[in-house]
Amino acid sequence: MEKGPRWDGVGTDEGAWAAWRLADMEPLDALHHLRAVIVAPHPDDEVLAAGGLMQRLAAAGAELIVVGVTDGEASHPRSPTVTPEALAARRAGERRQALSALGVVPTVIPVGLPDGEVSGQAPRLARCLEALLAHDSLCIAPWEGDGHPDHDAAGRTAAQVCAATGSPFLRCLIWTWHWATPGDERVPWGRGRRLDLTDAERDRKRRAVATFESQVAPLSDAAGDEVILTAAMLAHFDRPFEVFLQ
Ligand SMILES: [Zn+2]
């Protein structure tokens, strides 16, 4: 996740999205793959955007691979209580707990690019993806316009590698739900596909998201330790469905 210049303010209320036509989108039909490679710029992006899809793919027998692009060490750069190294370790533990709560057992591949600087080191991510995307692999990565520089760079890189390898590419949305508005012309809604979640899938996703304590709660009461994922932001990921761009 990680905050940045496009995410000031309260963002678009989930009620506005609920009142729009997301529920009328065509259903997602991309669940017949031997392997799914989920590109997560920061630890938690994969669960927020695709925690339901990961469960569905695993149930269908797909091998899951989570590509951890960064360790997420820069979510609280002014924290007086937690060092970047300690934060990275904490977030790795939260990810393990979250994936366990989802009931999936992916292989997690840490790429270790610097948090906030994925764009400058995109070739390293590209080489990793080139090695993984083969043999009927589905790639899931943030949409190139999601609005966080790391998300956009990871999405661009994934799109390029998918085009070169002929791999199907599914784009997920994270910060888009915050800065965009229903009908926003900057978002290619026509490519939107919806995955309805069962109550059990939604419940597991909810429990998985809650394990990211360093993001969903303040690190402390001190300035610099503020919460990253507010209740208003988290509401976007508690829907009974997930949306992807094909
Ligand atoms: Zn992120």
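Q: Two residues are in contact when they have heavy atoms within 4.5 Å of each other. With that in mind, what share of the contacts with a separation of 6 or more comes from residues 24 or more positions apart?
A: In this predicted model, such pairs account for 84% of those contacts in the protein chain.

Q: What makes the protein chain as compact as a globular protein of its length?
A: Let's start with what it's built from: nine helices and eight strands. The radius of gyration is 17 Å, and the globule rule gives 18 Å for 246 residues; the two values are close, so the chain counts as compact as a globular protein of that length. As for its extent, the C-alpha trace spans about 45 × 40 × 35 Å along the principal axes.

Q: How much of the protein chain counts as buried, and how much area does it expose?
A: Of the 246 residues, 55% count as buried. The exposed area comes to about 10300 Å², with carbon and sulfur atoms supplying 53% of it.

Q: Why are helix 3 and helix 7 called roughly antiparallel?
A: Look at the angle. Helix 3 (residues 84–102) and helix 7 (residues 199–210) pack at about 170°. Anything over 145 degrees counts as roughly antiparallel, so that's the label this pair gets. Their axes are 8 Å apart.

Q: Which residues make the contact between helix 3 and helix 7, and what are they by class?
A: Helix 3 brings Ala 98, Ala 101 and Leu 102, while helix 7 brings Arg 204, Lys 205, Arg 207 and Ala 208. By class, that gives four nonpolar, no polar and three charged residues.

Q: How do you know that Arg 95 is buried?
A: The cut-off for buried is under 20% relative accessible area. Arg 95 has 7%, so it counts as buried. It's found in helix 3. Leaving aside neighbours within four places in sequence, Arg 95 is in contact with a list of residues including Ala 40, His 42, Asp 44, Val 66, Gly 68 and Phe 212. Gly 68 is 27 residues away along the chain, with 10.0 Å between the two C-alpha atoms.

Q: Asp 44 is in contact with Arg 95, but why is Asp 44 itself called buried?
A: Its relative accessible area is 0%, and buried means under 20%, so Asp 44 qualifies. Asp 44 lies in the loop between strand 2 (35–40) and helix 2 (45–59). Its phi is near 130°, a positive value in a residue other than glycine.

Q: Why does Asp 24 count as exposed?
A: Exposed means over 50% relative accessible area. Asp 24 has 66%, so exposed it is. You'll find Asp 24 in the loop between helix 1 (14–18) and strand 1 (26–27). Asp 24 and Glu 46 are 22 residues apart in sequence and 24 Å apart in space, C-alpha to C-alpha.

Q: What makes Gly 224 count as buried?
A: With 13% relative accessibility, Gly 224 falls under the 20% limit, so it counts as buried. Gly 224 sits in the loop between helix 8 (213–216) and helix 9 (231–234). Setting aside neighbours within four places in sequence, it is in contact with His 76, Arg 78 and Ser 79.

Q: And how do you know that Asp 184 is buried?
A: Here the relative accessible area is 8%, and the cut-off is under 20%, so Asp 184 is buried. Asp 184 lies in the loop between helix 6 (176–179) and strand 7 (192–196). Not counting residues up to four places away in sequence, Asp 184 touches Trp 179 and Trp 189.

How values were computed:
Residues numbered from 1 in each chain as written. Predicted model: local features only at pLDDT ≥ 70, side-chain atom pairs only at ≥ 80, totals over all residues. Heavy atoms only, no water. Axes fitted to C-alpha atoms, helices over the stretch in contact; angles between N-to-C directions. Helix = DSSP H or I, 4+ residues; strand = E, 2+ residues; numbered from the N terminus. Parallel < 35°, antiparallel > 145°, perpendicular 65-115°, else oblique. Nonpolar A, V, L, I, M, F, W, Y, C, P; charged D, E, K, R; others polar. Rg over C-alpha atoms; globule rule 2.2 N^0.38 Å. Buried < 20%, exposed > 50% of the residue type's maximum accessible area, 1.4 Å probe, protein only. Areas by Shrake-Rupley, 256 points an atom, 1.4 Å probe, with all protein chains shown as cover.
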